Amino acid sequence: MSIADNQVVQFNYTLRHGEELIETSAGKDPISYLHGHGNVIPGLEKAMEGKEVGAEFEVTVPSAEAYGDRHEDRTQEVPVKHLQGGKRWKPGMIAMVQTDQGMRQVSIIKAGLKRALVDLNHPLSGKDLTFNIEIVDVRDATDDEIAHGHAHGVGGHHH
């Protein structure tokens, strides 16, 4: 079975920017996603299309098809109490912030006692990303998964 819309794909991955290792699923459960529903970055979803179980491949996704370009003017001051994921904030650290569009990752530029200046760009914006992918499983999605727009079970969303 090759990967197409409305199929649940399980895969292992290693993500790099140049030589820098960003993250990997090695030693963890594979990631699951529902193909064709924008659950992974566009460039990766495009590269997965038509692949079979057992396929191993490398793909470099340009920033425009990953997390977009960086915008230097996307900074904002936020109350430190709204930052989640740490206690003592230092420049370069990643925090989570609740926004109108849900949770968002931001980078700390400068942190004071009460307020922090944050970079609203995704930490991986402006970067071309190289993925090493191994397709572990492909199956038809359930009606529930299609209705909800994401995979359920191991490596997917849990309710």
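Which residues of the largest nonpolar core touch the most other members? Close-up 1 gives the answer, and the further views treat the sheet, the salt bridges and two loop or segment positions.

The model is predicted, so local features need pLDDT of at least 70 and side-chain atom pairs count only at pLDDT 80 or more, while totals for chains, interfaces and linings use all residues. Residues are numbered from 1 along each chain as its sequence is written, and side-chain values use heavy atoms, with hydrogens and water left out.

**Close-up 1. The largest nonpolar core and its central members.** F11, L44, M48, F131, I133 and I135 touch the most other members of this core, which holds 22 residues. A nonpolar core is here a set of buried Ala, Val, Leu, Ile, Met, Phe, Trp, Tyr and Cys residues joined through side-chain atoms within 4.5 Å; buried means under 20% relative accessible area, exposed over 50%, and partly exposed in between (1.4 Å probe, protein chains only). Two or more residues each come from β1 (7-17), α1 (42-48), β4 and β9 (129-140), and β9 gives the most, with 5 residues. Helices (H or I, at least four residues) and strands (E, at least two) are DSSP runs, numbered from the N terminus. Beyond four places in sequence, M48 touches I3, F11, Y33, H35, F57, I133 and I135; contact denotes heavy atoms within 4.5 Å. Another core, of 11 residues, lies apart from the largest one and includes V80, W89, V97 and V118.

**Close-up 2. Strand β4 and its pairing with β9.** Side chains alternate along β4: F57, V59 and V61 are buried and point to one face, whereas E56, E58 and T60 point to the other and are not buried. β4 and β9 run antiparallel and are joined by 6 bridges; two strands are taken to pair if DSSP finds at least two bridges between them. Within this pairing, V59 of β4 stands opposite F131 in β9.

**Close-up 3. The open sheet of four strands.** The order of the 4 strands is β5-β8-β7-β6, with antiparallel pairing. Strands of a sheet pair through backbone hydrogen bonds, either parallel or antiparallel. β5 and β6 (94-99) occupy the edges and have a single partner strand each, so one side of each is left without a neighbour in the sheet. On average, neighbouring strands are turned by 50 degrees against each other, direction ignored; axes are lines fitted to C-alpha atoms, for helices over the stretch in contact, and angles run from 0 to 180 degrees between N-to-C directions. The antiparallel pairing of β5 and β8 extends over 5 bridges, and E77 stands opposite L117 in β8.

**Close-up 4. The salt bridge between R115 and E77.** The side chains of R115 and E77 meet at 2.9 Å, N to O; a salt bridge requires a side-chain nitrogen of Lys or Arg within 4 Å of a carboxyl oxygen of Asp or Glu. R115 belongs to strand β8 and E77 to strand β5, so the pair ties together parts that are 38 residues apart in sequence. R115 is partly exposed at 41% relative accessible area, and E77 is also partly exposed, at 46%. By this rule the count comes to 5 salt bridges.

**Close-up 5. The network around R70 and the pair R139-E145.** Salt bridges link R70, E72 and D119 in a network. Between R70 and D119 the N to O distance is 2.4 Å; R70 lies in the loop between β4 (56-61) and β5 (75-79), and D119 lies in strand β8 (residues 115-119), 49 residues apart. R70 is partly exposed at 34% relative accessibility, whereas D119 is buried at 11%. A salt bridge also joins the side chains of R139 and E145 (2.9 Å, N to O). R139 is partly exposed, with a relative accessible area of 30%, and E145 is buried, with 2%.

**Close-up 6. Positions G50 and N6.** G50 is placed in the loop between α1 and β4 and is partly exposed at 42% relative accessibility. Apart from neighbours within four places in sequence, G50 is in contact with S2 and I3. N6, in the segment before β1, has a positive phi of about 65 degrees although it is not a glycine. Most residues other than glycine have a negative phi. At 30% relative accessibility, N6 counts as partly exposed.
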